[in-house]
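Visitor: I am new here. Could you walk me through what there is to see?

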Amino acid sequence: MKKQRPVNLDLSTISLPAAAKASILHRVTGVAMFFALVFVIWAWAYSLQSQASFDYVQSLMTSHLAKFIAWGTITVLTYHLLAGIRHLVMDMGHWEELKSGTLSANIIMVLWLVLAVLAGVWLWF
């Protein structure tokens, strides 16, 4: 017999807990790091070809677009590292309860925002 279940297809009405948002963002930052590596590897490889190519990459890194890409890469790496440490602690049996899991997710997100601002200040000033 087919059960009649409520179907909610409007994802904007679903409120995810902080731990779920932190976990999803950890996965998203992992994918973003993969794509950011294309820029990083190109810059490293091209800068090692000659003095002229090194000077070109160095001058390119002073543009606002390059600083924004670098900031994004640093920010993504920072969140992924913080959330990865959180997941490792959870794998050891800590922060698995609802209250402590929510608290650790919120702490990670706030710490990430602070570090993202500091990374922006470091790059632009």
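What follows is a short round of questions and answers on this predicted model.

Visitor: How many aromatic pairs does the structure hold?
Guide: Rings count as a pair if their centres lie within 6.5 Å. By that rule, the number of aromatic pairs in the structure is six.

Visitor: Take tyrosine 79 and tryptophan 112. Is their pair stacked or edge-to-face?
Guide: The ring centres are 4.9 Å apart, and the planes stand at 65°. Planes over 60 degrees apart count as edge-to-face. So the pair of tyrosine 79 and tryptophan 112 is edge-to-face.

Visitor: How many residues apart in sequence are the parts that this pair ties together?
Guide: Tyrosine 79 sits in helix α3, residues 64-91. Tryptophan 112 sits in helix α4, residues 98-124. The pair therefore ties together parts whose separation in sequence is 33 residues.

Visitor: Is tryptophan 112 buried or exposed?
Guide: Buried means under 20% relative accessible area. Tyrosine 79 has 0%, so it is buried. Tryptophan 112 has 18%, and therefore it also counts as buried.

Visitor: Which element gives the most to the largest nonpolar core?
Guide: This core has nine residues: Ala18, Ala22, Tyr79, Leu82, Ala83, Ala105, Ile108, Met109 and Trp112. The elements that give two or more of them are α1 (18-47), α3 and α4. With four residues, the element that gives the most is α4.

Visitor: Alanine 22 belongs to that core. Which residues does alanine 22 touch, not counting those up to four places away in sequence?
Guide: Contact means heavy atoms within 4.5 Å. With residues up to four places away set aside, alanine 22 touches Tyr79, Arg86, Ala105 and Met109.

Visitor: Are α3 and α4 roughly parallel or roughly antiparallel?
Guide: Their axes come within 9 Å and cross at roughly 155°. Angles over 145 degrees count as roughly antiparallel. The crossing of α3 past α4 is right-handed. As for direction, the two helices are therefore roughly antiparallel.

Visitor: What about α1 and α4? How are they set to each other?
Guide: The axes of α1 and α4 come within 8 Å and cross at roughly 50°. That angle makes α1, relative to α4, oblique.

Visitor: Is the crossing of α1 and α4 left-handed or right-handed, and which residues of α4 make the contact?
Guide: The crossing is left-handed. From α1, the contact uses Ala18, Ala19, Lys21, Ala22 and Leu25. From α4, the residues are Gly101, Thr102, Ala105, Asn106, Met109 and Trp112.

Visitor: Leucine 123 is in α4 too. How far is its C-alpha atom from that of alanine 70?
Guide: Leaving aside neighbours within four places in sequence, leucine 123 is in contact with Lys67, Ala70, Trp71 and Ile74. Leucine 123 and alanine 70 are 53 residues apart along the chain. Their C-alpha atoms are separated by 8.3 Å.

Visitor: Which residue has a positive phi although it is not a glycine?
Guide: Look in the loop between α3 and α4. The residue there is partly exposed, at 36% relative accessibility. Its phi is about 60°, and its name is tryptophan 95.

Visitor: Which residues do ring pairs link into a cluster?
Guide: One member, tyrosine 56, is found in helix α2, residues 51-60. Apart from neighbours within four places in sequence, tyrosine 56 is in contact with Trp42 and Tyr46. The linked residues are Phe39, Trp42, Tyr46 and Tyr56.

Visitor: What is the relative accessible area of tyrosine 56?
Guide: The C-alpha atoms of tyrosine 56 and alanine 43 are separated by 9.7 Å, with their positions 13 residues apart along the chain. Tyrosine 56 counts as partly exposed, and its relative accessible area is 42%.

Visitor: One last residue, valine 31. How far apart are the C-alpha atoms of valine 31 and tyrosine 46?
Guide: Valine 31 is found in helix α1. Its relative accessible area is 49%, so valine 31 is partly exposed. Along the chain, valine 31 and tyrosine 46 are 15 residues apart. Their C-alpha atoms are separated by 24 Å.

Notes:
Residues numbered from 1 in each chain as written. Predicted model: local features only at pLDDT ≥ 70, side-chain atom pairs only at ≥ 80, totals over all residues. Heavy atoms only, no water. Phe/Tyr/Trp six-rings, centres within 6.5 Å; stacked < 30°, edge-to-face > 60°. Buried < 20%, exposed > 50% of the residue type's maximum accessible area, 1.4 Å probe, protein only. Core = buried A, V, L, I, M, F, W, Y, C linked by side-chain atoms within 4.5 Å. Axes fitted to C-alpha atoms, helices over the stretch in contact; angles between N-to-C directions. Parallel < 35°, antiparallel > 145°, perpendicular 65-115°, else oblique. Left-handed = near helix turned anticlockwise from the far one by under 90°.
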